[in-house]
Each structure stands twice: as C-alpha cells, then as structure tokens.
Amino acid sequence: MLGRSSDLFLSETDAYDLEAEASPEQVVEAVVILIICVSIVVTNVLIIWAVSTSPSPKEAIDLYVLSVAVADLMCGVCIVPLSVYPAFVQEWVYGDLICRLTGFLGLTLWSVCLYTFMWISVDRYLAIRKPLRYDVIQTRTRCQCWMVFTWLTSLFLCSPPLLGFSKGRFYGDGYICMLDLGNMIPYSITLAVLVLAPSILTIGYTYFYILSTMYKLRKCLTKEEREYATAVSENLSNPDHLMSFVLILLFWITWMPWFCFRIYEQVSQTTEEYHALHFWLLWLGITDCIWKFFVYLTMSPKFRLSLKRLCFSMCCRAPTRQPLIV
C-alpha cells in the first residue's frame, strides 16, 4: 500500500489500477465519506431553508445560525466530495492547485465557525448582562455587520498560504487536503493567537458568567435586585442559551480527539501508523456539520415549528398564515 502522507499525485492510469484493486476497508471508508457528504448537504439545506423562510422575526442568533449553516454547507459541497474518490485510489488525483484551494477553504470555514460561536456566546452574554437594553444593543444590522466582518477576516487571515508561501499536503489517513503550515511557524502561531485565543477566552468567560448567574438566581434576592432579576429570569428561560452552549460543547467534543491525537504524535514523535484512528477521529470532527441539525431539532421550539411549516408546504398543503408563537 502506498504511503498515506505522500505528497505525490498519481497519474490517471495508476489511479484506475488502484481503484480496481480497492480493498473492502477502502470501500467502507469511501462509503462512509459519501454518507457524511450527503448528510451534511441535506441537513444544512434544511437549516437554511427553515430559518430563512420562518415567518417569525429574525433574532440575532438566527443570523449566526445561518452563517454557520452556510459554512457547513460549503464544506459538504466543496471539500467532502473530493475525498470520496481518493479513498478508493489512496492518493490525491485532482492536482496541487485544487489541493491548496481545498486546504485554504477548509481552514477558512473552520475559522468562520469558531468566530461565529464566539459571537453567539457574546450575544447570549448580553442577553443576561444587559437584559433591559439587549434589543437596542443587538440589532439586526449590527449582527449582519459582525457576520460580514467574520467572513472577511477569516478569508484574509487564511489567505497567505494560498499565495504560494505554503503547499497543499494530502492527509492520506483522512483522504483530505490541508495546507502545510510546518514551514510557516510564525504564521501558524499568529493564526492561533488571532483565531483560537480570543474565541476560547470569550466563550469561556461568557458561559461562566451565564452559568454563575443561573446559580445566583436560585438564592434569595434583595428588594433592589428584583426588577433586574425578573428581566434576567425571562431571558434565562429562553432555550437558545442552553442550545448555544450545547452547540459549542459539541463542536469541541467532536474535534478535540483528533487534535489531541495529532499533538500526541508530534510530541512523542511516533513513527507507527494508526490509519483507522486517524480516519475515524478526523471524520468524527467533520460530522459536527451534521449534529447541529439535531441540536436545533431537539432544543429549539422555533426551529421545530419552522421545519414543520416547511414540511407542510413541501407536501402541497397551504402553509399556515398565523405567526409562529414561541
């Protein structure tokens, strides 16, 4: 079997020969990738369709949900399908340019999701910290500006490797192309400081405040605190707080095993191959693009009503004209 981390690309003849000799393991892995691809596209199309056509007023978190769904849909359309065929032939066959573009797009979309989760946590924090002024602070126009800023920032931050400073590297154990940032250590550290650090610190601080506020409201309050506590309690009853926390927690649960395993390999400098572990941990992280749909479905009454209305309209029934009340 060919080296899974090789940077070489096969000719068309060699690719067809390897496809004819594909092992059952390769077939299973290709089928798993195909199922994940279809699931990502279907679930995120439903999310975008349901949220954008909902008759209820759009809130700030709805705009953030749309941004994450668009990023996940682009991953399912532009990145994941390119891994199905390489799973059969065990090599990247689309050329170096497509490999670099795929790595750039994957890094950009991952940064967009991380930044958007940060804005979601800030939005939930403001709903608790400034309950009486939340509607004034979190306007629709301001949230749209934050989303445009997030996408443009992610594109600019991830673009230097695309300009020729780095090559695409085929990650053979996961059948996906990534940018080779090993020769750009200063850039990698800068990217981590600008993307990971603010996102993790903001998410940690905001949800610590939200959870601690929930705990404090269970205690006896003074007379002066009752008005503020009433407004906070109304906002805390919103299921979007818990839903957003589960979304962020699920994102890290699905991605952290692969990151920890890669860090362990780099630190221990192991030379043994763990192909199955590499494959399943990487694609476990990518399935985060799917699980969001089920989180919305189980934890958001507004999303369930929007999806129900969408299903009724697809079944040729007249959609209800009454506004959704959540």
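**Cysteines and a helix pair in a predicted model**

Cys-143 has a relative accessibility of 0% and therefore counts as buried. The model in which this residue sits is a predicted one, and its cysteines make a useful way in. The sulfur of Cys-143 has its closest cysteine sulfur in Cys-145, at 9.2 Å, which is too far for a bond. Cys-289 is likewise in no disulfide, although the sulfur of Cys-75, the nearest cysteine sulfur to it, is 4.4 Å away; a pair counts as a disulfide within 2.5 Å. With a relative accessible area of 8%, Cys-289 is buried.

The structure does hold 1 disulfide, which joins Cys-99 to Cys-177 with a sulfur-to-sulfur distance of 1.9 Å. The link is left-handed, with -95° about the S-S bond, and it connects distant parts of the chain, since Cys-99 lies in helix H5 (residues 96-129) and Cys-177, 78 residues apart from it, in strand E2 (residues 176-179). Both Cys-99 and Cys-177 are buried.

Turning to the chain as a whole, there are 13 helices and 2 strands, and buried residues account for 45% of the 326 residues. Of the contacts between residues at least 6 apart in sequence, 78% join residues at least 24 apart.

One helix pair can be followed in detail: the axes of H10 (residues 240-268) and H11 (residues 275-286) come within 6 Å and cross at roughly 145°, in a left-handed crossing. Among the residues making this contact are Trp-255, Trp-258 and Phe-261 of H10 and Leu-277, Leu-281 and Ile-286 of H11, and the residues of the contact divide into 9 nonpolar, 3 polar and 2 charged.

Definitions and conventions:
Residues numbered from 1 in each chain as written. Predicted model: local features only at pLDDT ≥ 70, side-chain atom pairs only at ≥ 80, totals over all residues. Heavy atoms only, no water. Helix = DSSP H or I, 4+ residues; strand = E, 2+ residues; numbered from the N terminus. Buried < 20%, exposed > 50% of the residue type's maximum accessible area, 1.4 Å probe, protein only. Contact = heavy atoms within 4.5 Å. Axes fitted to C-alpha atoms, helices over the stretch in contact; angles between N-to-C directions. Left-handed = near helix turned anticlockwise from the far one by under 90°. Nonpolar A, V, L, I, M, F, W, Y, C, P; charged D, E, K, R; others polar.
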